[in-house]
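Please open the structure in your viewer and keep the selection panel at hand. The tour below moves from one selection to the next and says what is found at each stop.

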Amino acid sequence: MSIQTGSAWVDGSGSRLAKYNFLRSINWGRFAVLAVPSVWLAIFFFIPFLVVFKISLSETAIAVPPYSSLLEWDLEEAYVNLKINLGNYLFLFEDTFYLDAYLSSVKIASISTILTLIVAFPIAYLIARSSPSRRALLLSLVILPFWTSFLLRVYAWMGFLKKNGLVNETLLGLGIIDQPLTMLQTDFAVYIGIVYTYLPFMVLPLYSALEKMDMTLLEAAEDLGAKPATSFFLITVPMALPGIIAGCLLVFIPAVGEFVIPALLGGSDTLMIGRVLWDEFFLNRDWPMASAVAIVMLVVLVLPIMLIRNSQGKEEAV
Amino acid sequence: MTSSPMINQQDGAEPVANTSLPLWKQDGAEPFLRIENVTKKFGEFTAVDNISLDIYKNELFCLLGGSGSGKSTLLRMLAGFETPTSGRILIDGVDMAGIQPWKRPVNMMFQSYALFPHLSVEENVAFGLKREGVARSEVKQRVAQMLDMVQLGHLGKRKPHQLSGGQRQRVALARSLVKRPKLLLLDEPLGALDKKLREETQFELINIQEELGVTFVVVTHDQEEAMTLATRIGVMNHGVIVQTAEPHDVYEYPNSRFVAEFIGSVNLFEGKVVEDEPDFVRIKSKEAGGHLYVNHGISCAPNQKVHVALRPEKIRIGKTNPGQNENCIKGIVEEIAYMGSLSVFRVRLESGKEVRVTQPNFARNMGERLTWNDEVFLSWDVDSSVVLTA
């Protein structure tokens, strides 16, 4: 009897211990790994986001900093006054200028994302199909431009594209054109700049998707009567889809808010939200308006990304 | 498989000529697939070395060889994925040179199955028909028919990764058969299956082949698979077909040491021809410790060095002398392995040569139990062994 109770006691404590073991076995290493980026994001993303959101709800004021505060209080009079100004957001929708800027940004970003995809796909495909020893070399060539300053590289494009730049001189010299082409300060130059700058962000995810692809699938498709073009669209593209989505997001998102490239390569009529933001902030010194523009841009970008991620998750769950 | 629908082959499987002889034994029979002096080189390496081979309609031909023997390269040339360095391939009389894979009347079942992971089972099977521009209703009907045949009708909506290995293999088979190819190429079709499933599928393949009248060319490294499946086997080594024969002949009458050793296990005795008559040969073998008699003549120079091949299951083993004058040698049991259906003995001869003997376990309790270090007599009939000159 005593032995039985004894064993029951041991069992009971054993299971209770197991509970504590679970608590004790919180993987501190894992916790630390997750904590570092969480804290980082909280300090450098979430809190600034709240600050910007707060500013967007205030009014411009001739002061330092140049906006009114949301909360006013007087302890002696014992009042707290919360003043939220939605005027900035209303103005965003009233003035078609902002809507145009958003649409134009999305348009330019979309077109350049598609162009980047078209340029990057053959590059990624070639790298994925070359021998492993050459892959490392080719990949490092793709990343190589990052070793020089981004600004410098965009300036270099100005040199290429200007009236008496390299491209015009060459075309004139070859007799292909009689008059120098106006390329700088057009949307065309902006596309070139974005495609050039963001190419590696497209190539790398595409490469990693294509590299995993089983080449016998293409042989199987050919064997079943598909011409190479057909098997490309029916097999290669679907297999590369995760890479295509990742690459397009990596290019599209920063391209929408791009400021430097349209400022340096684009014309005065190249309307992009990044420039509007810059002007509101530094020329008009309208911080609340600029903040509202930034917040709306974030929402515009985050919503479609979340939708895409959701649909991807569902597909994987099937 | 009896309930499976009958599918007419495109060119109509003509009944084999009145003679009961298989096509490859009839004089002047037209081969369906003709491989003419085909060579394939990869740089300096010759993967396929001047192979000529005729394969006839409704055959199930097995290319059997180890890895690197060139069998897969040969198959890939038939499918059109590789171009021969020299030589010609004719399918149904048409030279395949310059004809791309997607235009050949050939379908292939890949070793890895190569099912499209993003398409459902039905879409996988329908893929080939859609490329042909077959009407949608017909595609649907033929896919359903084919999936029923491989007993996967209920799994049409699944994706390949939701299937077991055996089911995937059947999808791959259905996909390669649905276009009713004249010639079906199978690359290690049963490689990824476990033993039980393999056996079932082997017979299923034979049924399908007989039912549809398609000519099969199967590549395998598994001799057992080749033996059960094939009408004929081509044994390949170093890019060359060493022997082409029916399974029985490849096993019983190997033409070279390579074939004898590659297929099944075999005891080889080295010796010199002492007497060479049209109906028998006598060979003096130091290894066997005496003379060996074989009841078929060979054409060779006197005193030529030859090998006598003897299958382990053709040797009788016992403690008592069978009183046989020829083909009887003494040895000592060194090792016994009980394998259920049979026992394997390793017997050491006086010459130091080791001989492998297998005996079926007729009775649960064998009367004469052999144990280690027993002195035994090994004997066999004069028609049990084969003389190999190569």
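Which residue in S10(B) is the bridge partner of B:Gly234? Select B:Gly234 and then look across to S10(B), where the partner is B:Thr244. Please keep in mind throughout that this is a predicted model.

Now widen the selection to the two strands themselves, S9 (residues 232-237) of chain B and S10 (residues 240-245) of chain B, which pair in the antiparallel sense over 5 bridges. Together S9(B) and S10(B) make a hairpin with 2 residues between them, and in the turn B:His238 has a positive phi of about 50°. Next add strand S3 (residues 60-65) of chain B, which pairs with S9(B) in the parallel sense, also over 5 bridges; here B:Leu64 stands opposite B:Val235 of S9(B). Because 5 of the 6 residues of S9(B) are buried, this strand is largely enclosed by the rest of the structure.

From the strands, turn to helix H4 (165-177) of chain B, whose 13 residues reach 18 Å from the first C-alpha to the last, close to the 18 Å expected at 1.5 Å a residue. H4(B) is mostly covered, with 10 of its 13 residues buried, among them B:Arg168, B:Val171 and B:Ala174. To see what covers these buried residues, select strand S6 (106-109), helix H2 (121-132), H3, strand S7 (183-187) and helix H5 (195-212) of chain B, which are included in the cover.

Just before H4(B), select B:Leu163, which is found in the loop between helix H3 (136-149) and helix H4 (165-177) of chain B. B:Leu163 counts as partly exposed because it has 18 C-beta neighbours inside 10 Å. Leaving aside residues up to four places away in sequence, B:Leu163 touches B:Leu155, B:Arg158, B:Arg168 and B:Val171.

The next stop is the largest nonpolar core, which has 153 residues, and A:Leu206, B:Ala174, B:Leu185 and B:Val217 are those with the most contacts inside it. Helix H8 (residues 187-211) of chain A gives the most to this core, with 15 residues. Select A:Leu206 and look for the residues it touches beyond four places in sequence, including A:Phe121, A:Ala240 and A:Ile244.

Finally, show both chains together, where 15 residues of chain A are in contact with 16 residues of chain B. On the side of chain A that touches chain B, helix H9 (216-223) and helix H10 (228-256) each supply at least two residues, and H9(A) gives the most, with 6 residues. The residues on this side of chain A divide into 7 nonpolar, 3 polar and 5 charged.

How values were computed. Residues numbered from 1 in each chain as written. Chains lettered and ligands numbered in written order. Predicted model: local features only at pLDDT ≥ 70, side-chain atom pairs only at ≥ 80, totals over all residues. Helix = DSSP H or I, 4+ residues; strand = E, 2+ residues; numbered from the N terminus. Buried ≥ 20, exposed ≤ 12 C-beta atoms within 10 Å, placed from the backbone. Contact = placed C-beta atoms within 7 Å. Nonpolar A, V, L, I, M, F, W, Y, C, P; charged D, E, K, R; others polar. Core = buried A, V, L, I, M, F, W, Y, C linked by C-beta atoms within 7 Å. Expected span 1.5 Å × (residues − 1). Pairing = 2+ DSSP bridges.
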